[in-house]
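Student: Hey, can we go through this one together? I'd like to start with how the chains meet.
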Protein chains: 2
Amino acid sequence: MTMITHLDVQDIRFPTSRSLDGSDAMNAAPDYSATYVTLHTDTSDGLVGNGLTFTIGRGNEICVKAVQSLAYLIEGRNLEAITSDMGTFWRHLTSGDSQLRWTGPEKGAIHLATAAIVNAIWDLWAKSEQKPVWKLLVDMSPEQLVNCLDFRFVTDALTPQEALAILRRKVSGKASREQKMCEQGYPAYTTSAGWLGYSVDKVRRLAREALAEGWTHFKQKVGGDLNEDCQRAQILREEIGWDRTLMMDANQMWDVDEAIANMRQLAEFDPLWIEEPTSPDDILGHAAIRQRLGSIGVATGEHCHNRVMFKQLLQAEAIDYCQLDAARLGGLNEVIIVLLMAAKFGVPVCPHAGGVGLCEYVQHISMFDYIAVSGSLDGRILEYVDHLHEHFENPVLIRNGRYQVPMAPGYSITMHPESLSRHVYPDGQAWKEK
Amino acid sequence: MTMITHLDVQDIRFPTSRSLDGSDAMNAAPDYSATYVTLHTDTSDGLVGNGLTFTIGRGNEICVKAVQSLAYLIEGRNLEAITSDMGTFWRHLTSGDSQLRWTGPEKGAIHLATAAIVNAIWDLWAKSEQKPVWKLLVDMSPEQLVNCLDFRFVTDALTPQEALAILRRKVSGKASREQKMCEQGYPAYTTSAGWLGYSVDKVRRLAREALAEGWTHFKQKVGGDLNEDCQRAQILREEIGWDRTLMMDANQMWDVDEAIANMRQLAEFDPLWIEEPTSPDDILGHAAIRQRLGSIGVATGEHCHNRVMFKQLLQAEAIDYCQLDAARLGGLNEVIIVLLMAAKFGVPVCPHAGGVGLCEYVQHISMFDYIAVSGSLDGRILEYVDHLHEHFENPVLIRNGRYQVPMAPGYSITMHPESLSRHVYPDGQAWKEK
């Protein structure tokens with residue numbers, strides 16, 4: 001038996017606002033940050049599990065506080081007792097303390113904290129099984145997977161029986177899809193050239209570099225001045241041509257009618273999708289935008305806080321692409337529910353990534369989705385941003401615009417001790433230099 | 001000019017779980033709590049503003065932390081600069097720091113903290129004008145009121161022009177409705193007899209007491225064991241008869257299909273509404289329940305976190321009663337937007353109350369709604385719970401089942417110093433006694 005003896009949480013921040021990496025219309029100057037959880041155990045080999053929630057700087061201290069408040073629910077528990085009944089554990093963590101639940105429920109700081117803890121459990125479990133998380137999942141039977149899930153509030157869209165049926169349909173072919181994934185990797189797109197805070201020259205230079213690296217899908221930020229949005233779209237199309245794919249991301253800057261009007265102008269640059277055109281809570285707004293825009297796909301999800309919201313985005317036919325976030329949803333258990341609902345409704349999942357650690361997380365999710373849930377790469381493309389990977393013990397590996405399959409045990413989210421100590425806020429060395 | 005020199009925040013908790021006051025199916029043992037904000041000013045008479053966010057115990061520390069993170073956005077600012085352009089101020093507080101916004105946006109701990117601060121500003125403003133908040137609002141012109149609002153993300157349902165038109169239509173008649181309100185008060189209902197943790201005998205005794213006090217509308221908690229729910233409904237109907245009104249509240253315990261099945265059984269007790277039948281995020285779920293139940297009204301809102309969610313509940317025709325919460329929405333500015341949308345869609349607003357301080361808040365909201373927004377009492381009834389009022393300097397006053405008009409300046413939310421010191425967590429005397 002493996003007892004979780006203690007939970008440690010650290011406030012880790014990277015001063016990315018100094019270079020405007022990651023700038024967009026809503027988030028002008030983010031400092032990519034992590035609420036970083038370490039689960040210590042009583043094993044003789046010092047097994048630990050790590051998980052993180054991503055924030056963009058200030059506010060990380062609120063998530064740290066929320067993790068501290070939740071910690072008592074897992075300290076002293078046995079890993080095997082948790083993993084043998086993961087669905088019940090997840091319900092316990094999200095609803096077992098109704099006083100804590102009140103501050104959400106299942107949204108905001110308390111749910112971000114839940115994500116960090118739940119993902120740390122998965123990291124611990126996978127490391128104890130000596131498997132990467134995607135492989136741990138792929139090797140489970142449909143029954144074992146469904147046993148990890150809490151279907152509360154989604155049974156009108158997906159019952160446990162339907163989830164089982166979806167997974168069983170993909171049991172045959174798993175081995176060949178796993179082999180194909182190991183050989184070819186998972187297709188990705190880059191946002192590196194498209195940040196709003198970058199100059200025209202920088203956009204052009206970065207686009208050329210990305211082309212040279214083999215990228216075929218490019219995302220740009222919009223939602224600032226419309227003329228400038230058009231100007232950068234023009235530059236990107238000049239550089240990437242019209243056979244490659246351009247996506248646009250408004251980061252919630254617009255009201256519903258505004259989104260429709262602006263995208264009608266930006267339509268001339270033939271975007272595959274408009275991402276976060278309006279409030280992430282506006283299910284019916286996204287549905288209206290999708291219906292009225294017609295040929296431009298609607299994508300959202302990085303701020304979609306739980307399975308109930310995704311259920312409705314799917315029921316309302318509001319999205320063409322489901323961009324779930326590995327650390328905004330309440331960890332991998334809730335992510336799997338969304339993968340299953342998306343498969344049922346026939347919507348491709350293209351997880352949100354970037355930030356710090358999100359690329360490391362989502363490769364496991366998309367590979368599992370391909371091998372065991374949707375069985376398809378149609379319309380799937382995984383976000384990639386080339387930031388901050390050097391801080392991870394097992395960083396993502398990209399070749400020719402594709403994520404290579406991670407083979408190290410765990411959820412790829414463990415950071416180097418020296419990265420942690422250097423970026424701990426506010427006392428780390430990175431925050432003392434200006 | 002009045003400068004806000006400093007924000008203080010206190011973690012105030014009442015050990016209500018010891019008597020199961022406030023118990024329901026989701027929240028078995030709440031300790032009613034407040035994240036209590038005091039805005040200090042540089043005025044010679046020591047003017048302060050107070051606001052609180054309500055939680056049910058653990059987790060209050062997360063909201064306190066969030067208030068501390070937001071404090072820098074108002075410390076050092078002038079009250080007059082804020083109140084002369086309240087809409088811009090509200091946008092500044094909710095979106096001015098995009099790093100903090102990320103942890104919501106506009107939901108969870110960061111939005112609960114926003115409510116406490118925004119309401120403290122309104123308390124300060126009203127006190128500086130020597131008016132109760134409802135009267136401050138009623139005396140504003142439609143233009144001044146609309147200037148207090150941020151319409152971001154709701155213009156597809158309510159434009160500033162439409163808001164102006166709604167308010168202008170009710171300008172005539174304001175004086176007579178104000179007079180009527182002062183004479184008669186605002187109709188209320190009681191939940192005091194209906195808590196889930198109470199024994200059958202206690203329910204019967206409390207129902208008789210409430211009848212003797214003149215109550216005509218009674219709410220019971222459901223969502224536990226269905227037979228026990230029926231049993232308590234039976235007792236309540238025996239006591240109150242069939243001419244008085246019974247409402248039911250499931251506190252989010254059911255999935256959509258479950259809510260419909262259970263309410264078809266509870267329909268024999270002729271409930272006016274079923275409150276929180278399922279997840280508060282499930283707009284389409286509430287719409288389905290409403291459509292399939294037919295004659296039983298659907299009510300929700302105490303966990304509805306922002307105006308975008310209420311907009312959709314109205315657009316989807318998902319609710320018969322809008323139960324906004326004064327401290328879950330981002331303070332009074334956002335509450336007013338919801339009042340206006342509800343007026344446009346013709347849905348009565350029956351605010352959530354109880355807890356600690358919520359009755360004190362909502363009397364201002366409903367009286368303003370009646371006098372200046374909806375102009376109607378049809379279908380309106382304000383929640384009342386007889387808990388913890390003794391801790392407030394100007395507690396609500398109930399006569400014959402009606403809220404009497406508060407006349408003291410401010411938002412009625414200032415607590416006695418000795419109540420604060422006794423209940424500050426964890427060091428107050430109330431937490432040292434067991």
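Tutor: Sure. In this predicted model, 64 residues of chain A are in contact with 64 of chain B, where contact means heavy atoms within 4.5 Å.

Student: How much area is buried between chain A and chain B?
Tutor: About 5,200 Å², with carbon and sulfur atoms giving 55% of that. Buried area is the accessible area (1.4 Å probe) that two parts lose on being put together, summed over both.

Student: Which three residues supply the most of what chain A buries?
Tutor: R58(A), Q99(A) and W102(A), which supply 18% of the area chain A buries against chain B.

Student: And how many salt bridges cross the interface?
Tutor: The rule finds six; it asks for a side-chain nitrogen of Lys or Arg within 4 Å of a carboxyl oxygen of Asp or Glu. In one salt bridge, K311(B) meets D282(A) at 2.5 Å, N to O.

Student: New topic: what's the volume of the largest pocket?
Tutor: About 250 Å³, counted as the space filled by probe spheres set on grid points joined across faces, edges and corners. On a 1 Å grid over the protein atoms alone, a pocket is an open set of points where a 1.4 Å probe fits, with protein on both sides within 12 Å along at least five of seven lines; lining residues have an atom within 4 Å of a point.

Student: Which lining residues are closest to its centre?
Tutor: Of the 13 that line the largest pocket, T190(B), S192(B), L206(B), E213(B) and D386(B).

Student: Any notes on the numbering and cut-offs?
Tutor: Residues count from 1 along each chain as written, and chains are lettered from A and ligands numbered from 1 in written order. Local features need pLDDT of at least 70 and side-chain atom pairs 80 or more, while totals for chains, interfaces and linings use all residues, and side-chain values use heavy atoms, without hydrogens and water.
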